[in-house]
Amino acid sequence: MVGAKRKRSEVAEQVAQRWKSFRYSADTEKNTADGNDDDDCVIIDESEVIDLTKSEQEKEEKEAVDDATNKATFKLIKSDFYEGKASMGEADDDLITLKDIFCDARLKRSILFSFQYELDFLLRQFHRNIENITIVGQKGTIVPIEARSMDASLELVLRKIKLIEITMPPYASHHTKLIINFYDNGECRIFLPSNNFTAMETNLPQQVCWCSPILQIEEEQSLVPFKAGLIEYLRSYHVKDIDELILKSVEGVNFAPLSELEFVYSTPSKFQPSGLAMFYDKLQEISAGTGAEASDATEHYLCQTSSIGTSLSRVRDENLWTHLMVPLFTGIIPALVEGTKKVHVPATEFLMTAYAQRKIKPYIIFPTEQEFATSPLKRASSGWFHFQYLQKKSYYDMLRNRFRVFYKQDPAMVTRARGTTPAHSKFYMRSTTKSTEPCDASRVFQELDWCLYTSANLSQTAWGTISRKPRNYEAGVLYHSSRLAGTRKVTCRSFARERGGREGNHSHVAVPFTLPLVPYNAAGDECFCLARHENE
């Protein structure tokens, strides 16, 4: 048996060596005209070759790669500090770099939306074959290339930029993080990174990126909800260059592979619903026809954010998540009817009683002071996390000590490279558990009813309220279980845990924080506050 295997291996090697002498070309006629008359250099179309020397393992690996390109996936942005430049060539299914997104010889056109651009850093990520880069950014947030840093390659790419600047009012942001890539073979891909395009933001906090499957440019196509939402978002700018240079291109893309997902956004435009009102409407559509929750079910609502806004009210302590969003999603605040301008925000005492009676559990993941102190680069990544609660301590005490809403990463489960470094991402999700099942922490958020990954922090500026429009531009993707019980589930895992559990007809979400969650230690943990750190 061993001899037979060795003989087959020798034959395979001979066949492989023979085929190495052939020159492949995607354009047979062009290469035939080159005039090479070497008898051993047969010119054939590469698409017609089937390599029979590949092992079964190689075939399985290729099939896995092909399957991955046909599904939406979450990746961690690889960091020069945590993973190191030396490991950039190593394969890791969970990691992606900006060069993976931009340095593709087939990439011809790239459209970028972001809050900050550091051109010296960003333009070095692109392949020289790029033909056009369209940048949509807020006026005053695009850092030009310093003269001393300019070289021939940067100058070449710089000439290919079309800049569309958006003027924003004070305290408002063009906060959307969105990439639309078009390739020379009629394909398109969309990326939603959690980072803006600066070197430090890309590398210091933990960052994540949502990657679409390959989308085709096709004439005949159906208008799936994701595409409809993206088109409405682009129209909300009311900018001629966006309509002509971006919208028309997006309209030619077939978004059928994203038919199970929704595009959720915020816009300051007065002519269409967005932000919290839109998110609420989407969740109402998802829940329609599913029936009421079982009386023994516990509903878990999680918000992971890098910034927490001030109180909804100057008089009372009211948080956007605990006092408005979760009460809306659970029906504590009655269903909104068309034309509703304002809702009554329940008081803290009422909500604490209602949550206990109805088995509703809100969570907010926000980094602690200690997490920065024990992270590999200490407080170097802290500049991207904002919760200025010193100006109203009662607001913070209400969230921390009464609702006990704050959670953190499990220091025993974080990866060695990243440690307790906080994530700059924003996730909003719901999970349901039943009292008939063991409801230990490890089971919560394994399966999700829905999950929104977005650029929107927990603030009125990002979301608006029922009576106020958002002030920011924001964008995200909404996952949800199928209305038909058992046909499609949304599963969730942490990047800090072993890979797996991706089989079946499931949508998969991967998060950059540890699961299960760990509540703040009542004695010592405090939310990180940059102002307090600066005072110290």
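These questions and answers walk through a predicted model, from its annotated site to its salt bridges and a surface patch.

Visitor: Which residues does UniProt list for "active site"?
Guide: The annotation comes from an unreviewed UniProt entry. The listed residues are His175 and His424.

Visitor: Do they gather or scatter, and what is the largest C-alpha separation?
Guide: In sequence they span 250 residues. Their C-alpha atoms nevertheless stay close enough that they gather at one spot. No two of those atoms are more than 13.1 Å apart.

Visitor: Which pocket has His175 and His424 in its lining?
Guide: Both His175 and His424 belong to the lining of one pocket. By size rank, that is the second largest pocket.

Visitor: Is His175 buried or exposed?
Guide: His175 sits in the loop between strand S9 (161–166) and strand S10 (178–183). Its relative accessibility is 11%. The cut-off for buried is under 20%. His175 therefore counts as buried.

Visitor: Which residues does His175 touch, leaving out those up to four places away in sequence?
Guide: Among them are Phe115, Lys426 and Ser455. The others on the list are Asn457, Asn472, Tyr473 and Glu474.

Visitor: Where does His424 lie, and what is its relative accessibility?
Guide: His424 lies in the loop between strand S18 (406–408) and strand S19 (426–434). His424 counts as buried. Its relative accessibility is 5%.

Visitor: Which residues does His424 touch, again leaving out those up to four places away in sequence?
Guide: The list includes Lys177, Ser194, Asn195, Glu201 and Pro205. It also includes Gln206, Gln207 and Ser306. Two aromatic names complete it: Trp384 and Phe385.

Visitor: How many salt bridges does a search of the whole structure find?
Guide: The search covers the whole structure. One of the pairs is Arg418 with Glu83. The total is 20.

Visitor: How many residues apart in sequence are the parts that Arg418 and Glu83 tie together?
Guide: The closest N and O atoms of Arg418 and Glu83 are 2.9 Å apart. Arg418 lies in the loop between S18 and S19, and Glu83 in helix H4, so the pair ties together parts of the chain that are 335 residues apart.

Visitor: Is Arg418 buried or exposed?
Guide: The relative accessibility of Arg418 is 3%. Buried means under 20%. Arg418 is therefore buried.

Visitor: What separates Arg235 and Glu232 along helix H9?
Guide: Arg235 and Glu232 form a salt bridge, with closest N and O atoms 3.1 Å apart. Arg235 is partly exposed at 39%, and Glu232 is partly exposed at 31%. They are three residues apart in helix H9 (residues 225–235), so the separation is about one helical turn.

Visitor: How far apart are the closest N and O atoms of Lys408 and Asp525?
Guide: Lys408 is in strand S18, and Asp525 is in the loop between strand S25 (518–519) and helix H17 (530–535). The two residues are 117 residues apart. Both are buried. Their closest N and O atoms are 2.7 Å apart.

Visitor: Which residues do salt bridges with shared partners join into one network?
Guide: Shared partners link the bridges into one network. The joined residues are Asp104, Arg106 and Glu187.

Visitor: Which residues make the nonpolar surface patch of about 260 Å²?
Guide: One member, Phe81, lies in helix H4 (residues 80–84). At 43% relative accessibility, Phe81 counts as partly exposed. The patch is made by Phe81, Met200 and Leu377.

Technical notes:
Residues numbered from 1 in each chain as written. Predicted model: local features only at pLDDT ≥ 70, side-chain atom pairs only at ≥ 80, totals over all residues. Heavy atoms only, no water. Patch = residues over 30% accessible without salt bridge, like charges linked within 9 Å, V, L, I, M, F, W, Y side chains within 5 Å. Areas by Shrake-Rupley, 256 points an atom, 1.4 Å probe, with all protein chains shown as cover. Salt bridge = Lys/Arg side-chain N within 4 Å of Asp/Glu carboxyl O. Helix = DSSP H or I, 4+ residues; strand = E, 2+ residues; numbered from the N terminus. Buried < 20%, exposed > 50% of the residue type's maximum accessible area, 1.4 Å probe, protein only. UniProt positions renumbered as here; feature names shortened; annotations may be inferred. 1 Å grid on protein atoms, 1.4 Å probe; cavity = no way out; pocket = protein on both sides within 12 Å on 5 of 7 lines; lining within 4 Å. Contact = heavy atoms within 4.5 Å.
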